[in-house]
Amino acid sequence: MKKLATVIIVLLGCLLIAPTASGQPRETAVADFGGCLASQREGDLLLMIDESGSLQQSDPDAARVEAANYLLGQLASFGASAGVALDVAVAGFSSEFTMHAPWTRLEPGTLSGLQSEVDAFRSRTSGLDTDYWLALDGARGALAEHSSGGSTSCQAIAWFSDGKLDFTARDGEKPYAPGLSLSTDKGVAQVVGAARESICRPAGVADQLRSSGIATFAVGLANGTAQAADFDLMRSIATGEPVAGQACGARTEPTPGDFYLAQNIDDLLFAFDAFSSPGQAPLENETGVCAYEVCEEAQHRFVLDDSIGSVTVLGFADAEGLVPTLVSPSGDELPMAYTSAESGSSVDGVAVDYRWLSDRSVSFTMEQPENAAGEWQGMWALVFVDPDGSEPAARSKSNIHISGNLFPALLGQDVTAIHAGEVTSAVRLGIVDSDREEIDPSELLGSAYLSVSLTDAAQVDHTLASGVSKDAIGEPIELDLTNVAPGEATLRLVLEVTTADATDESGSVIAPGTDLTPQYVDVPLNLAPPIGYPTVPGRIDFGQVEGSGTFPGELVIQGPGCVWVDPASPVRIDAIPDGVGNTALTVGGAASPENCLTIEEGTSGTLPLELAVPEAGNGAFNGAVRLMIAPEGEPDRAMPVDVPFTADLLKPLDTTRFLLGFLAVFLLGVGIPFAILYALKWWASRIPAETLKSQSFLVRVSDGGLLRDGRPFTLNDNDLREIVRNLDKPARNLDVDGARLEAKMGMSPVGAGYVLVRADGMFGASGATPATDRSTGQARLPLAVHNNWVLLHDPKGPVDEAVLLLLVGANASNERVRGLVDEAGRRAPWIIDDLRARAQGSDGNTPQNPTSPQPATAGAPASPFDPFAAPGAPSAPTFGAPPPFTGGPGFGGQPPTGPGSTPPGQPFDPFRPPGS
C-alpha cells in the first residue's frame with residue numbers, strides 16, 4: 001500500500017513544482033503551472049479519481065485516498081505560506097464522470113471537508129468501465145464552467161487510474177460512438193477505438209484541454225494485473241509523447257502535461273519532494289553516514305540567515321535503524337528517533353516538527369523563531385548516525401527546501417502600454433514577499449540577482465535582462481522589444497538568492513552561504529503593436545455557446561491605423577468537438593489593404609464576427625484568426641497579428657424529454673427534494689451581513705483612466721464614510737447611493753445566487769464575472785458584493801460620462817480600494833463602448849425595459865448577455881474548416897458571453913502596486 005500511495009503522492013506533489021529557468025527548455029507542464037500560480041496567486045485543481053471495479057484488487061487498502069488527502073494538506077499549507085488561493089474540486093470516473101465535491105477554496109477551514117469527500121473513494125470501487133473520454137470531457141467542462149464564473153487561467157487536472165481505456169461488455173452505447181454496441185467483445189474493441197480516435201485526433205478532446213490552457217498530470221497505478229504498457233495511451237494524452245509512432249493530439253508544445261508510474265516507496269518520496277515547493281526545487285545532497293556519533297564528513301549542510309522564514313528537509317538512508325540528527329549552529333544536537341506518530345521538539349530555541357514517512361525516510365520542518373529568539377542564523381546540518389556501527393557502507397541523501405517566500409515582481413510601468421518593436425525603459429522590477437508587499441533588496445543579508453526573458457506570441461524566447469544585482473533592482477530598466485511579435489506573451493522573472501556566509505565569533509567565514517534554487521514568476525502580457533498601428537484585442541472569448549445556428553458579434557479595434565483580414569490566411573482551429581461539419585468563424589468587413597478598416601487616432605472601429613455552428617454538441621472550439629495591421633496609408637508596413645479565440649459549445653437540453661422525465665420522477669415522489677433544494681437556495685441567496693460602505697462618483701472616461709472633477713481620480717479623506725444600512729442581517733435588497741442591489745437566486749436549484757444593480761435609465765457592468773446580466777443589461781455582482789465596483793452609463797448621455805459605484809468592506813485597505821479604482825479605469829473605455837453598442841442594438845431601451853440579448857464586442861470586458869443572439873452579420877468569406885475526422889455527436893451553442901472579455905493589452909493587471 002505504501003508503494004502505491006507514494007505513486008499518487010508523487011503526482012500530486014508535482015503540482016507544486018517551480019518553473020524552470022527562462023533560458024532553459026521548459027521540461028514539464030508542472031513548471032508552467034507553478035509559474036502561473038506564482039504570478040496569478042490563484043488557480044484551480046480538479047482531483048479526478050478512478051472508481052472502476054479493478055481497484056478492489058489493485059488498491060485494496062485505498063492508498064489513493066491516503067495519498068490524495070496527504071496532498072490536500074500539503075496544498076493547504078502551501079497556499080497559506082505562499083499567498084496562493086487554490087480552488088479544488090473532487091470528481092470520480094468509471095462508466096460516467098461525477099462531481100463529488102464542488103469547487104471549494106482550499107484553506108484550513110475547508111480542508112477536513114474536502115478530505116472527507118476523498119475518504120468516500122474507499123468504497124467507490126464498483127464501476128463498470130475505465131472511460132478516459134468521459135473523464136477528460138467531464139473535467140474540461142467542469143473547469144470551463146468554473147472559469148466562466150471568474151476563476152483564473154491557472155488550471156490543472158490530477159488524474160488517477162489503475163488501468164487502460166476499457167469497457168465491460170453489456171447492452172448500451174457511448175455518446176462518442178453512436179451505433180456501436182457494447183454487447184460483444186468486438187463491439188467493445190470498436191468503442192475503444194472510437195474513444196481513442198475522438199481523444200487523439202487533431203483538435204480532439206486532448207487538444208481541447210491543451211488549447212484551453214489546462215495542464216494534465218496523470219498517474220498510472222501499476223499494481224495488480226496492470227502492466228506499464230497499459231498506460232501508454234494515458235501517458236500520451238498527458239504528455240503528447242507518441243505511442244507506437246502516433247502522437248495523441250496535435251498540440252504538444254509547450255509540454256501539455258506529465259505522467260508518473262510506480263517505483264519503490266523511498267525513491268517516489270524523493271520524486272514527490274522534488275516538486276513539493278512552488279518556485280523552489282530542493283537542494284539535493286548525497287553522502288555517507290556517521291558511526292556511533294555525529295561526524296564532519298557525512299553532514300548535509302545548509303546555511304540560513306534572517307531572510308529565510310522556514311526550512312523543510314526530506315532525509316533518507318539506505319539502511320534501517322539509523323538515527324537522523326539535526327545539528328544547530330551552536331553544535332547542539334536533536335536526534336529524531338523512529339516513531340509512528342508525528343513528533344515535535346526543539347534545538348537551540350528553534351521548534352522542529354518531524355515525521356517518519358517510511359522505515360528509512362524522515363521529513364522535518366523548522367521555522368524562524370519570532371522576536372529573534374533562538375539560534376537561527378548560521379550553518380545547520382543533518383547527519384544520519386549508525387548507533388552500533390553495523391552499517392559502515394550505508395549511504396544517505398537529502399532534499400533541503402529553504403523558503404524565504406521571496407518573489408520577483410513587475411512593480412510598475414510609466415506608460416499605459418508596452419509596445420512590441422520598440423525599446424522601453426519604463427519598466428520597474430522588484431522583490432516582494434508572500435503578501436506581495438515590496439521588500440527593500442538592500443535588506444537582504446546575502447546576494448540577489450534578477451533576470452528577465454519573454455516568450456512572444458510566435459513562441460520565440462527573448463532574453464531582456466540578465467543578472468541585475470540587488471543594488472540595481474528597483475530602478476527602471478531597458479527592455480529591447482525590437483524583434484518581439486505583438487500579442488499575447490509571457491514575461492518570465494527569475495530571482496536568484498544566496499544566503500549570507502556563516503561566520504564564527506571573530507567574523508571569519510566557516511561556511512559559504514547557500515545558493516537557493518531560483519524563484520520563477522511567469523507574468524502574462526498583451527504586447528501592443530508599435531505606435532501608429534491599430535490595437536487589437538488580446539483574445540476573443542465567446543463564452544458559453546448553447547445550441548446550433550449562426551451567431552454574430554463584433555471585434556473592437558482601437559485606432560489609429562488600418563486593419564484587414566488576409567484571405568490567404570485561414571482561421572486556425574486548434575480544438576473542435578466531434579461531428580460539427582464546417583463549424584467556422586468568419587471575420588468580415590475588410591478583406592484587403594484597399595478596403596481595410598481605417599480608424600482615426602482616439603477612436604475605435606469594429607469588424608463583424610460570425611460563428612456558424614451547424615449542429616449542437618459539447619466541447620471547446622478554440623483557435624486563432626490572423627489580422628493584418630498597418631499605419632494609416634502605409635500598407636507596405638503591414639504586420640500580422642494572430643488573435644486567439646475560444647468558445648465553450650454546449651448542447652441544449654432536450655426540453656420535451658426533460659419535461660417528461662421530470663414529470664415522471666416528480667410524480668414518483670422526488671419532487672420534494674427539488675423543492676427543498678429551491679427553498680435552501682432561496683434562503684441562501686442573500687447579501688451577507690457584513691459591514692459595507694458605498695459611494696457613487698460622477699466620472700469622465702479618458703485613455704489614461706477615470707477623471708474626477710477634470711483631474712485623475714483620487715479618493716479624499718471624506719470619501720467612503722457612509723455605511724450601508726439594513727445589513728445587520730442578510731439582505732435581499734439594499735439601496736446604495738442612487739442604485740438598488742437586488743439578490744436573485746436564478747432558475748437552477750443548485751449553484752450560487754447573484755445580485756443585480758438597478759439604476760434608472762442606465763446600463764451597467766461590474767468588475768465581477770459575469771459583469772452584466774444577459775436579460776436586463778444591468779450590472780451583475782456575486783452575493784458577496786463587498787470590495788467590488790460598478791460602472792453605470794446613460795446611453796443617451798455624453799459618451800465619456802459615467803457613474804462609478806464603489807462597494808467596499810469595512811476592513812479593505814487603501815491599496816485594495818485604489819486597486820478597484822484602477823481596474824475600473826482600465827476597463828472603462830471598453831465598457832462604455834460595449835454599453836452604448838448594446839443600447840443601440842436595443843433601440844435605446846433602458847435596462848428597465850430590456851429587449852432580446854444584443855450583439856457584443858470583442859475587446860470589451862466579459863459580460864453574460866448574448867453577443868450572438870440573432871443572425872445578420874455582413875457576409876464574408878469563411879475560413880478555417882476543421883481538420884478531417886470521423887466523429888460522434890454534433891455540438892453547438894446558443895447565446896454566449898461576449899467575445900473579447902479581455903480588453904486589449906489587459907489580460908490582467910501585472911503592474912498593480914504590491915498589496916493591491
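Here are a few worked exercises on one arginine and on the salt bridges of this model.

The model is predicted, so local features need pLDDT of at least 70 and side-chain atom pairs count only at pLDDT 80 or more, while totals for chains, interfaces and linings use all residues. Residues are numbered from 1 along each chain as its sequence is written, and side-chain values use heavy atoms, with hydrogens and water left out.

**Exercise 1. Place Arg-686 and describe its surroundings.**

Step 1: Find the element. Arg-686 sits in the loop between α11 (655–684) and β37 (692–702). Helices (H or I, at least four residues) and strands (E, at least two) are DSSP runs, numbered from the N terminus.

Step 2: Is Arg-686 buried or exposed? Arg-686 counts as buried because its relative accessibility is 19%; buried means under 20% relative accessible area, exposed over 50%, and partly exposed in between (1.4 Å probe, protein chains only).

Step 3: Look at what Arg-686 touches. Its side chain reaches the backbone oxygen of Trp-683 at 2.9 Å. Leaving aside neighbours within four places in sequence, Arg-686 is also in contact (heavy atoms within 4.5 Å) with Pro-730, Ala-731, Arg-732, Ala-743 and Leu-783.

**Exercise 2. Compare the settings of three salt bridges, starting with Asp-131 and Lys-174.**

Step 1: Get the rule straight. A salt bridge is a side-chain nitrogen of Lys or Arg within 4 Å of a carboxyl oxygen of Asp or Glu. The structure holds 26 of these salt bridges.

Step 2: Take Asp-131 and Lys-174, whose side chains meet at 3.0 Å, N to O. This pair links distant parts of the chain, 43 residues apart: Asp-131 is in the loop between α5 (108–119) and α6 (132–148), and Lys-174 is in the loop between β4 (155–161) and α7 (185–200). Both Asp-131 and Lys-174 are buried.

Step 3: Now Arg-626 and Asp-642, which pair up at 2.8 Å, N to O. Arg-626 lies in strand β35 (residues 619–630) and Asp-642 in strand β36 (residues 639–650), so the pair ties together parts that are 16 residues apart in sequence. Arg-626 counts as partly exposed at 31% relative accessibility, and Asp-642 is partly exposed at 30%.

**Exercise 3. Name the residues that shared salt-bridge partners join into one network.**

Step 1: Follow the shared partners. They join Asp-735, Arg-740, Glu-742, Lys-744 and Arg-758 into one network.

Step 2: Finish with the third bridge, between Arg-122 and Asp-119 (3.7 Å, N to O). Arg-122 is partly exposed at 39%, and Asp-119 is partly exposed at 31%.

Note on methods: A polar contact is a pair of N or O atoms within 3.5 Å; within protein, one must be able to donate a hydrogen and the other to accept it, and residues adjacent in sequence count only if both atoms are side-chain atoms.
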